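Work through the three exercises below with the sequence and the model at hand. Each task is followed by a solution in steps.

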Amino acid sequence: MTHFEIKQYQPKAWEILSRSFENQRAASTYLFHGPEGTGRWGLAISFAALLNCEKPVKNENDILRPCGECLNCRKIFNLSFEGLYFALPLAPHKDLEEAAELTTKLLEEKRNEPFKILSSSATANIPIDLAREIKRSLSLKSDPGMTRVVIFYEMEKMRRESADSLLKLIEEPPKNTVIIMISRRPEALLLTIQSRAQKIKLSRVSLDAGEKYLLDKYGIKETQARLLMRLGDSSLGRAIELTNDSEETESSNRAVGFLLFKSLFDDAAYATVAHINDMVDTRDRGGADTLLALWESLIRDCVNYSVLGDETKLINLDFVPDIKRFSNRIGGGQAASQMADEIKNTLEGLRRYVHIQGAVTALALKLKSHISAVRN
């Protein structure tokens, strides 16, 4: 991994961290929170590099960044620095050796693509044994001049009893040690942990920055890059996931997803259920996630058009005529909010191994009831 120019993707967050370092006021514990795929990982790695860089440099806006060239920077961006520790959510495993192997595999994925959203099962969690091993390592004396950095990735996936056992470490890290917790749901963390950490909120990646990244790294067309960023709701990680699908498969999935969404408005309930039975693969959990993400973005488009009346602001530009029609059916009020909540709850259920076809069918019937309520 070469130098990660996080300032292009999270400029405000990086300025806060850079200024605090320059003024020798870096906190001992941080909580980086925001949507997946927006640069939380890159922000943590870049800050670890700055804390250990041998010759930090300033950019055109007088903001410090790591040089990316010294030995410490190269090791950190390669995720091989001696003072860099990782606690990641892992699938069930038998011992610390297997946990280390799983961690190495996940780190390789992040080394190749820092924006990659790591897939994990509902049973994945940050193992207490691994966290304790990190705690033991931190009790040893560090090399002179080194700032050790511990990254707890997806901190909400650490069980409560495990977090309890690490409270002292998180609240009072050893000397020359910085704890960075990364979470998309900071409200799920213990209040004692939240209160002791400096919170750094990440925003969604700008369309321009995301498009340039996709163009430079994946060589896709400019128009496709913009569409993928919009479909990914300005999450670069989500957009990258979409680039990994073949164009033919993606187009087919979108067409099916839209036909099912259209059925919510135009067909009787029994017909919609029949379509779902025919078109939704009961074995493809990822496909169901993609389907519901499309429905979510279509509802957002309906709301945006209902409120703004500007079709250039829409995400799904290939469905504009129908979106205009649907926006008149649900408006921008309570029904749309309820429909979005129903989709969110169903997505959470799917990640807990809820039956796919049953969950999507139940969701469709709920959405149809909200649409009917508005019409009546």
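**Exercise 1: the surroundings of Glu36**

Leaving out residues up to four places away in sequence, Glu36 touches Ile117, Glu154, Arg184, Ser235 and Arg238, where a contact means heavy atoms within 4.5 Å. The model is predicted, so local features need pLDDT of at least 70 and side-chain atom pairs count only at pLDDT 80 or more, while totals for chains, interfaces and linings use all residues. Residues are numbered from 1 along each chain as its sequence is written, and side-chain values use heavy atoms, with hydrogens and water left out.

Task: state where Glu36 is found and whether Glu36 counts as buried or exposed.

Step 1. Glu36 lies in the loop between strand E1 (29-33) and H2; helices (H or I, at least four residues) and strands (E, at least two) are DSSP runs, numbered from the N terminus.

Step 2. Glu36 has 17% relative accessibility and counts as buried (buried is under 20% relative accessible area, exposed over 50%, partly exposed in between; 1.4 Å probe, protein chains only).

**Exercise 2: the span of H2**

Task: compare the expected span of helix H2 with the distance between its end C-alpha atoms.

Step 1. The expected span is 1.5 Å times one less than the number of residues.

Step 2. For the 13 residues of H2 (residues 40-52) this gives 18 Å; the end C-alpha atoms are 19 Å apart, which agrees.

Step 3. As for cover, 13 of the 13 residues of H2 are buried.

**Exercise 3: disulfides**

Task: find how many disulfides there are.

Step 1. A disulfide is a pair of cysteine sulfur atoms within 2.5 Å.

Step 2. The cysteine sulfur closest to that of Cys53 is in Cys67, 3.5 Å away, so the two are too far apart for a bond.

Step 3. The count is zero disulfides.

Step 4. Cys53 is buried at 11% relative accessibility, and Cys67 is buried with a relative accessible area of 10%.
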